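User: I should like to understand which side chains pair with one another in this protein. Please take me through the contacts step by step.

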Amino acid sequence: MKALKLFGFFAAFAAVISCGGPTYTTDSYVAEESGLNIQKITDESKNAVIGNTFSNAPANFANSSIAGYKKGGMYWGTAKVLSLSDDGQELGYLTVSNRQRNVMVRKATAAGNSVQRTFRDVYDFNLGPDGNIYFTDFVGNGKWQIHSVNAKAGSVMRQLTSNNNDENPVLAKNGRSLFFTRHDNSGVSIWCIDLVDGTMTSCAKGYNVCPIGDGSSEFLCTRNSEEGVSQIWMVNYITGIETLILADKERGFSAPAISPDGKWIAVQGSSKSSKGKIKNLDLFAVRIDGTQFIQLTYHPAIDCNPVWGADGKSLYFISSRGSKDRSFNVWKMRFNL
């Protein structure tokens, strides 16, 4: 049996589900988003794009990697399904073909074709600064493990973890620290593999890791609280200092992404649209010190997986906006702050 079937809470990520009633709009943006210069990058008629969707409540929210806002009854997937190359020139996303999920890579502009770069069954991935794709592979028997493959030169894979359930790989800018999320009996925690000497370290509780700077000591991550909300934390895994950056009793957040200048964090979070009050996911930003929190998108569609452009003046994201059947596409918007 496929791992996707064995782990029912992952199945939601491959399907676009309804997030509201008949007030859903097929417009590409709403009035509150004026000035964002929102552009559609992909075309669903050529390749289906996978985004994060709503999920069932996990059995143990605080120890899961399903994000949420328990009071509002909102839970969603947190797979990293969008990534930008270190130079900002290439964009990677996930698509479904022959009942498998795989990575497509294309130029990060509105023109150009996509090329399939993995031929496995991929849950999530990251385009590493070293030119490799790091991805979570469903390997059967209910296991998922971390592999890598060169983004341009072929299909020879390198297996990086085994005999555990690992996901969300992200290679730090130092080119040797590969962070990932591990599931075990105690819940979810962030680990690091040194790709040079093979050392493996347990770093902290959490998931959705985002290295800060070169990744040698600090990262952002998501944690689920006992009170039932997902929060954004900063962790120095060398000193052990942990700082709560973003939390709200009435909202959950996940998928932190730090701007190239290190000043801003973009996240996805639970929301209600200004039109129709539809439960959805929107994009938000906050300064690295937790101040100046702002909402960026207001569309009743799902907006998720924010990724910064290389110049820090734009954000790429996945959204089901602008589509009659609520198909996901990759979009781009201006970041003016």
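The questions and answers below concern salt bridges, aromatic pairs and charges over rings in a predicted model.

User: How many salt bridges does the structure hold?

Analyst: Side chains of opposite charge can pair when their charged atoms come close. A pair is counted here if a side-chain nitrogen of Lys or Arg is within 4 Å of a carboxyl oxygen of Asp or Glu. By this rule the number of salt bridges is 10.

User: How far apart are the closest N and O atoms of K40 and E44?

Analyst: K40 has a relative accessibility of 33% and counts as partly exposed. E44, at 28%, is likewise partly exposed. The two residues form a salt bridge, and the distance between their closest N and O atoms is 3.0 Å.

User: R120 forms a salt bridge with D137. How many residues apart in sequence are the parts that this pair ties together?

Analyst: The closest N and O atoms of R120 and D137 are 2.9 Å apart. R120 lies in the loop between β7 and β8, whereas D137 lies in strand β9. The pair therefore ties together parts whose separation in sequence is 17 residues.

User: Is D137 buried or exposed?

Analyst: Its partner R120 has a relative accessible area of 33% and is partly exposed. For D137 the relative accessible area is 1%. Buried means under 20%, so with 1% D137 is buried.

User: Which loop holds R176, the partner of D197 in a salt bridge?

Analyst: The side chains of D197 and R176 meet at 3.9 Å, N to O. D197 lies in the loop between β14 and β15, and the pair ties together parts that are 21 residues apart in sequence. R176 is partly exposed, at 31% relative accessibility. The loop that holds R176 is the one between β12 and β13.

User: Which residues are linked in a network of salt bridges?

Analyst: Salt bridges can also join into a network. The residues linked in this way are E33, D303 and R321.

User: What kind of aromatic pair do F179 and Y237 form?

Analyst: The structure holds 10 aromatic pairs, and F179 and Y237 form one of them, with 5.5 Å from centre to centre. Their planes stand at 80°. Planes over 60 degrees apart count as edge-to-face, so the pair of F179 and Y237 is edge-to-face.

User: How many residues apart in sequence are the parts tied together by F179 and Y237?

Analyst: F179 lies in strand β13, while Y237 lies in the loop between β18 and β19. F179 is buried at 0% relative accessibility, and Y237 is buried at 18%. The parts that this pair ties together are apart in sequence by 58 residues.

User: At what angle do the ring planes of F253 and F284 stand?

Analyst: F253 lies in strand β20 and F284 in strand β22, so the pair ties together parts that are 31 residues apart in sequence. F253 is buried at 0% relative accessibility, as is F284 at 0%. The ring centres are 5.6 Å apart, and the pair is edge-to-face because the planes stand at 85°.

User: Which residues form one aromatic cluster with F179?

Analyst: F179 and Y237 form an aromatic pair. The cluster that contains F179 has further members, namely F219 and Y237.

User: Over the face of which residue does R223 lie?

Analyst: A charged side chain can be placed over a ring, as R182 is over the face of W191, at 4.6 Å from the ring centre. R223 lies at 4.9 Å from the ring centre of W233. The residue whose face R223 lies over is W233.

Notes: Residues are numbered from 1 along each chain as its sequence is written. This is a predicted model: local features need pLDDT of at least 70, side-chain atom pairs count only at pLDDT 80 or more; totals for chains, interfaces and linings use all residues. Side-chain values use heavy atoms; hydrogens and water are left out. Buried means under 20% relative accessible area, exposed over 50%, partly exposed in between (1.4 Å probe, protein chains only). Helices (H or I, at least four residues) and strands (E, at least two) are DSSP runs, numbered from the N terminus. Rings of Phe, Tyr and Trp (its six-membered ring) pair if their centres lie within 6.5 Å; planes under 30 degrees apart count as stacked, over 60 as edge-to-face and the rest as tilted. A charge sits over a ring if NZ of Lys or CZ of Arg is within 6 Å of the ring centre and within 35 degrees of the ring normal.
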